[in-house]
Amino acid sequence: MLILCNWKLNGRKNMLSKFFIELNNLCIKFRVKSDISISPPIIYLSQLYEILKNINSKIIIASQDVDIHTKGAFTGETSIYMLKDFNVKYVIVGHSERRTNHFENNKIVACKFKIVKKNGLTPVLCIGEYFKENFNKSKIFIKNQIDSIFIEVGEKAFRNSIIAYEPIWAIGSGISADPNYVNDIHNFIKSYICEKDVFFKKNNVIVQYGGSISKENVYNFISKKYIDGILVGGASLEVKTLFPIIKIVEKFLE
Ligand code: PGA
């Protein structure tokens, strides 16, 4: 099971070593089998790469974003080639905070998804509705987000890819979505993708849940049939809040 952590605009140079050494030691001590991946702000990727290399850690590096261009006159952007230089495996695309604060529409998100795949990294496509809607309205919204990926990348787009279902109202609010509702949405996402990509098995479509995950609620999500893993924001900023979540996942997998 993948536990993907999104630090957003948090973390500082002087806390990285301590954080990762502590987390890595705990992972070794408790023989953690889940995949733990962390996406710090992009400026810290190279430092993270060095730290993980020095301690021979299995923690996986993720990026919060990537540009749609690989090089050239694009001030402030980060290329997929640069992410590859630092052993990044997962690239989050279309996080709701990028969509809202940086006006990334479905087309731009699909181009990012495409460039990640083309370069052999794994895109983590964030999707989810803005407001607490009824199930049918959410489905229409999500279907539209998924369709834009199919249009840009083709019917096999979601092979070797990850979807993170994150209802926007549940992000950073402390109010997570109802796990049964999330399970139904995940089931819909998997079925819909397999309707389009007919030879793709529903079991192989990976859908994570994100939105106010904590040690108190994580079991209710991961124990559901169609929830394959989690995306953790706020609770991943300190080892003392993240590791209890990892331990609950590990216990569940035993
Ligand atoms: P949160 O963030 O866990 O703080 O709600 C999740 C996310 O935005 O990925």
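In this predicted model, a backbone N or O atom of G172 sits 2.6 Å from an oxygen atom of the ligand. S212 likewise places a backbone N or O atom 2.7 Å from a ligand oxygen atom, while in E166 an N or O atom of the side chain lies 2.7 Å from an oxygen atom of the ligand. With these contacts in view, the cover that the protein provides can be put in figures: taken alone, the ligand exposes 280 Å², and the protein buries 95% of that area.

The surroundings of the ligand extend beyond these residues. There are 14 residues around the ligand, and those that come nearest are K8, H95, E166, G172 and S212. When the residues of this shell are sorted by character, five are nonpolar, seven are polar and two are charged.

From the ligand one can step back to the fold that holds these residues. The protein chain contains nine helices and eight strands. Its radius of gyration is 17 Å, close to the 18 Å that the globule rule gives for 254 residues, so the protein chain is as compact as a globular protein of that length. Measured out along the principal axes, the C-alpha trace spans about 45 × 45 × 35 Å. Of the 254 residues in the protein chain, 52% are buried, and the chain as a whole exposes about 12,600 Å², of which carbon and sulfur atoms supply 53%. The contacts also show how the chain is joined across its sequence: among those between residues at least 6 apart, 72% join residues at least 24 apart.

A single residue, D65, allows a look at the interior in more detail. D65 belongs to the loop between β3 (60-63) and α3 (80-85). Is this loop residue D65 buried or exposed? Its relative accessibility is 8%, and because the cut-off for a buried residue is under 20%, D65 counts as buried. The side chain of D65 is joined to the side chain of R98 by a polar contact of 3.3 Å. R98 is also one of the residues that D65 touches once those up to four places away in sequence are set aside, the others being I42, L83, V91, I92, E104 and K112. Among these partners, L83 carries a number that falls within the range given for α3 (80-85), the helix at one end of the loop that holds D65.

Terms used: Residues are numbered from 1 along each chain as its sequence is written. This is a predicted model: local features need pLDDT of at least 70, side-chain atom pairs count only at pLDDT 80 or more; totals for chains, interfaces and linings use all residues. Side-chain values use heavy atoms; hydrogens and water are left out. A residue is near a molecule or strand if one of its heavy atoms lies within 4 Å of it. A polar contact is a pair of N or O atoms within 3.5 Å; within protein, one must be able to donate a hydrogen and the other to accept it, and residues adjacent in sequence count only if both atoms are side-chain atoms. Accessible areas come from the Shrake-Rupley method with a 1.4 Å probe; for residues, only the protein chains shown count as cover. Ala, Val, Leu, Ile, Met, Phe, Trp, Tyr, Cys and Pro count as nonpolar, Asp, Glu, Lys and Arg as charged, and the others, Gly among them, as polar. Helices (H or I, at least four residues) and strands (E, at least two) are DSSP runs, numbered from the N terminus. The radius of gyration is taken over C-alpha atoms; the globule rule is 2.2 Å times the number of residues to the power 0.38. Buried means under 20% relative accessible area, exposed over 50%, partly exposed in between (1.4 Å probe, protein chains only). Contact means heavy atoms within 4.5 Å.
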